[in-house]
Amino acid sequence: MARRTSSEDNGDRVREILASSHELELLQERYVGGVLRTVSKKSDRFVIKRYVHAGGARPRRCPWVAENAALKRLRGLHAPEPIGFVEQRSDSGMTATLVRRYVAGEAVAEPDDGLAREMASLMAALHGRGVTTEDAHRHNFLRSAEGGLVFLDFGKARVFRTGSPLLYAGVAFELHRFFRAALGRDAGLWQIFIDEYQRCSSFGLLGRAAVSWLLRLETWRYRVVKGG
Ligand SMILES: Nc1ncnc2c1ncn2[C@@H]1O[C@H](COP(=O)(O)OP(=O)(O)O)[C@@H](O)[C@H]1O
Ligand SMILES: [Mg+2]
C-alpha cells in the first residue's frame with residue numbers, strides 16, 4: 001500500500017524560490033526506473049532538482065532527502081550550499097523538488113596527477129565529515145569559477161554518525177569504485193591519489209589503517225565477485 005507520509009525542509013524558502021519569476025533553464029533530463037528527473041538552473045543562483053514519480057508511493061529511499069542531509073552536513077565544504085526540499089502529492093503521483101545553490105564553473109577533464117591529488121584532498125574532506133558520495137565519477141566534479149574543486153551530486157550519498165565504524169567500510173567501497181570509475185583503473189594515478197588521500201585524511205592513525213585494510217578487502221572481494 002502506498003505510504004502517504006511526506007516531508008520537507010526549509011519549505012517556505014524553497015516555495016518562494018520556485019514561485020519567483022525567473023525562468024528555469026533545463027540542464028539535464030533523465031527518465032530512470034519510472035521517475036522523471038530534471039536538473040534546472042534558476043537565475044544563476046539556484047539549481048532545482050526535480051523528481052516526478054508516477055504513482056503515489058513515496059520511495060523507501062528518497063534521493064532528495066539524502067542529498068539535502070549530505071549538503072547540510074558538509075555546509076559548503078567543496079559542495080553546493082543546501083537550501084531545502086518540498087514534496088507535493090497529487091492523485092497521479094508525487095513530485096519532490098530539491099533546491100541548492102548554483103556553482104559557476106566548468107566540467108573537469110580526465111584526471112592527471114594534479115587533478116588526482118585535488119580529488120583526493122576533496123574526498124578526504126567529505127569523508128572527514130562522515131559523508132560518502134556513492135557516485136564519485138568525473139562528471140560530478142566541477143572546477144568552480146574561484147578555482148577550487150567542488151563535488152555536485154549527493155543524490156546517492158550516505159551520511160554516517162560521527163565515529164561510526166561503518167563509515168570506514170563505506171569509504172573503502174567508495175575509494176575502490178573511484179579507482180574504477182574516475183581513474184579508469186590507472187595504477188599510477190591511483191598511487192598518487194591514495195597517497196594524497198591518506199595524507200589529507202583526518203581519520204587518525206587507527207582510522208587510516210582501517211581504511212587501508214578494508215580497501216584491500218574490497219579489492220579482493222571485487223576480484224572474486226566480478227573477476228577483475
Ligand atoms: N549546484 C550546481 N552548480 C552548477 N551546476 C550544477 C549544480 N548542480 C548540478 N549542476 C549541473 O547539472 C548536472 C546534473 O546534476 P546532478 O546533481 O549530477 O544530477 P543527477 O543526479 O541527475 O546526475 C551536473 O553534472 C552539472 O553539470
Ligand atoms: Mg550526476
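I count two residues as in contact if their C-beta atoms, placed from the backbone, lie within 7 Å. This is a predicted model, so I kept to its cut-offs: local features need pLDDT of at least 70, side-chain atom pairs count only at pLDDT 80 or more, and totals for chains, interfaces and linings use all residues. Residues are numbered from 1 along each chain as its sequence is written.

**Domains.** I looked up the split of the protein chain: domain 1 is 11-101 and domain 2 is 105-226, with bounds from an automatic or database domain assignment. I found 12 residues of domain 1 in contact with 15 residues of domain 2. On the domain 1 side I got nine nonpolar residues, one polar and two charged (nonpolar is Ala, Val, Leu, Ile, Met, Phe, Trp, Tyr, Cys and Pro; charged is Asp, Glu, Lys and Arg; the others, Gly among them, are polar). The domain centres, over C-alpha atoms, are 25 Å apart.

**Helix α4.** I checked the length of α4 (residues 166-181; helices are DSSP runs of H or I, at least four residues). Its 16 residues should span 22 Å at 1.5 Å a residue, and the end C-alpha atoms are indeed 22 Å apart (the expected span is 1.5 Å times one less than the number of residues).

Next I listed what is buried in α4 (20 or more other C-beta atoms within 10 Å of the residue's own, all placed from the backbone): Leu-167, Tyr-168, Gly-170, Val-171, Ala-172, Glu-174, Leu-175, Phe-178 and Phe-179. Their cover includes α3 (113-128), α5 (187-200) and α6 (204-226).

**Whole chain.** I noted that 29% of the 228 residues count as buried.

Key: Chains lettered and ligands numbered in written order. Helix = DSSP H or I, 4+ residues; strand = E, 2+ residues; numbered from the N terminus. Buried ≥ 20, exposed ≤ 12 C-beta atoms within 10 Å, placed from the backbone.
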